[in-house]
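User: I'm new to this one and would like to know why things get the labels they get. Could you walk me through it?

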Amino acid sequence: MRALSRAAGLNLRLATALAILPLAISLAGCGSAGGPFGHVPADQIAPAQKADAPPTAPADQIGSGPVKVGLILPLTQASGGASTVGVAMRNAAELALTEAGGNDLALIVKDDRSTPDGAATAAQEALADGADLIIGPLFGPSVREAGRLAHGAGKPVIAFSTDASAGGHGVYLLSFLAESFVDRIIDFAASKGKKSIAALIPDNDYGRVAEAAFQQAAARNNIRVMTIEHYQPQTLAAAAQKIAALGDQIDALFIPEQADAMPAVSQALTTAGISGKKTQLLGTGLWNDARVLTLPALQGAWFSAPENGGFNAFATRYRAKYGVDPPRIATLSYDAVSLAAALAHTQGSQRYSDNVLINRSGFNGADGVFRFQPDGTNERGLSVLEIDNEAATPISPAPHSFAGSPSAI
């Protein structure tokens, strides 16, 4: 792929402004932050206040630089209670701006109250205050409202929804997308000689997104899809039995399930006689969770995820500043603000133009290398890990640059 002419220089400059961290996989290092992607995708998190960790009172602005950036987050829930997820993302933004150095940005903090109407109001206010860029919101319907208003004002958005359809021209999603996880793990399985695969797909929104990506990835890699079995909790055992009946006709089984549901899946696989020693089990980053790593049926399974070293280092700094562990998605806010600060410092009046935001070399963040696509989605450099002895061991490291792009990052 052709990189933009200024991409190499951009990434060299970003190296000092975005987190470039050594590989240091340590699942235990996540502390009480939970699994690396929470129990469910970011859009499905129901923020709730911890009794032992009252949120920091939000300020209306962070920093005093000349470049104004709107930061729209669910600081309160629709019901009115405080949101620890939203407040943690605000804290991460503050940490990023502090660590970026310089005084280029002023973050205009707005609470969308976890509703689309609140996001619309927040976007209107941020744009009226002179924001050149909107960072956030988190939830898909809110992203659509903020994006609609920002598009009308000719300003870009970097949002956090896991719903790829919420992105679009000028609305870029910096989130953990199911599509990226699926592409990475199926491509890797194909590279290891897997040729015939089945899928056990939960009957929910995440499952449907993962299934579409799975079918595309399998076709691209000339992998034969023997069957796709959909299930709800009450039909899981029967679905597993149907896959077991295929016997040696398959050499891999793809299961895009969330961590809290995997104990039941593990039991269904065992009961059906599906062994990871004979059939390679494949999953997504939702498996990067202690509840999955300890399951007997999942030993030897492969899944794709960002390398944890960056998050662990970020969590240490966050904990030192705020006294609590961050949720896994807090790095999204950290990376977005770090990027906004770096571009404000290096790119002048073109800092948030489409040509800069979608440069093919991408950027380095706490979760590794990423780049935005013209359609608003993103591509991430992901690792593949194997569950072994109740731990996740990297067997294919995340790339530190994208194919065909300069390796300066």
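Analyst: Sure. In this predicted model, helix H2 passes helix H11 in a right-handed crossing.

User: What makes the crossing of H2 and H11 right-handed?

Analyst: A crossing is called right-handed if the near helix is turned clockwise from the far one by less than a right angle. H2 (residues 84-100) and H11 (residues 330-346) pack at an angle of about 35°, with their axes 8 Å apart. The crossing of H2 over H11 is right-handed, so the turn is the clockwise one.

User: Which residues of H2 and H11 meet there?

Analyst: From H2 you get Ala88, Met89, Ala92, Ala93, Leu95, Ala96, Leu97, Glu99 and Ala100, and they meet Ala330, Leu332, Ser333, Tyr334, Val337, Ser338 and Ala341 of H11. By type, the residues of this contact split into 13 nonpolar, two polar and one charged. Glu counts as charged, so Glu99 is the charged one.

User: Why is proline 74 called buried?

Analyst: Buried means under 20% relative accessible area. Proline 74 has 0% relative accessibility, so it counts as buried. You'll find proline 74 in the loop between S2 and H2. Setting aside residues up to four places away in sequence, proline 74 touches Ser83, Gly86, Asp111, Asp112, Ser114, Leu138 and Phe139. Proline 74 and phenylalanine 139 are 65 residues apart in sequence, yet their C-alpha atoms are 8.5 Å apart in space.

User: Is glutamine 77 buried, exposed or partly exposed, and how do you know?

Analyst: Partly exposed is the class between under 20% (buried) and over 50% (exposed). Glutamine 77 has a relative accessible area of 22%, so it is partly exposed. Glutamine 77 is also in the loop between strand S2 (67-73) and H2. The C-alpha atoms of glutamine 77 and aspartate 111 are 9.6 Å apart, with their positions 34 residues apart along the chain.

User: What makes the pairing of glutamine 77 with alanine 82 a polar contact?

Analyst: Here the cut-off is N or O atoms within 3.5 Å, with one able to donate a hydrogen and the other to accept it. A polar atom of the glutamine 77 side chain lies 3.2 Å from the backbone oxygen of alanine 82, so the distance is within that limit.

User: What is unusual about the phi of arginine 113?

Analyst: Most residues other than glycine have a negative phi. Arginine 113 isn't a glycine, and its phi is near 55°, a positive value. Arginine 113 lies in the loop between strand S3 (105-111) and helix H3 (116-128). With 40% relative accessibility, arginine 113 is partly exposed. Serine 114, in the loop between S3 and H3, has a positive phi of about 60° too.

User: Which peptide bond is cis, and where is its proline?

Analyst: The bond from glycine 136 to proline 137 is cis, with omega near -5°. Most peptide bonds are trans. Proline 137 sits in the loop between strand S4 (133-135) and helix H4 (140-152).

User: How do you know whether threonine 227 is buried or exposed?

Analyst: Same test: buried means under 20%. Threonine 227 has a relative accessible area of 18%, so it is buried. Threonine 227 lies in strand S8 (residues 224-231), and its side chain makes a polar contact with the side chain of glutamate 229 at 3.1 Å. Leaving out neighbours within four places in sequence, threonine 227 is in contact with Ile197, Ala198, Ala199, Ile243 and Leu246.

User: Why is tyrosine 231 counted as buried?

Analyst: Tyrosine 231 comes out at 5% relative accessibility, so it counts as buried. Tyrosine 231 is in strand S8 as well. Its side chain makes a polar contact of 2.6 Å with the side chain of glutamate 257. Beyond residues up to four places away, tyrosine 231 touches several others, including Leu200, Pro202 and Val265.

User: How much of the protein chain counts as buried?

Analyst: Of its 409 residues, 56% count as buried. The chain has twelve helices and 16 strands, and it exposes about 15600 Å², with carbon and sulfur atoms supplying 51% of that.

Definitions and conventions. Residues are numbered from 1 along each chain as its sequence is written. This is a predicted model: local features need pLDDT of at least 70, side-chain atom pairs count only at pLDDT 80 or more; totals for chains, interfaces and linings use all residues. Side-chain values use heavy atoms; hydrogens and water are left out. Axes are lines fitted to C-alpha atoms, for helices over the stretch in contact, and angles run from 0 to 180 degrees between N-to-C directions. Helices (H or I, at least four residues) and strands (E, at least two) are DSSP runs, numbered from the N terminus. Contact means heavy atoms within 4.5 Å. Buried means under 20% relative accessible area, exposed over 50%, partly exposed in between (1.4 Å probe, protein chains only). Accessible areas come from the Shrake-Rupley method with a 1.4 Å probe; for residues, only the protein chains shown count as cover.
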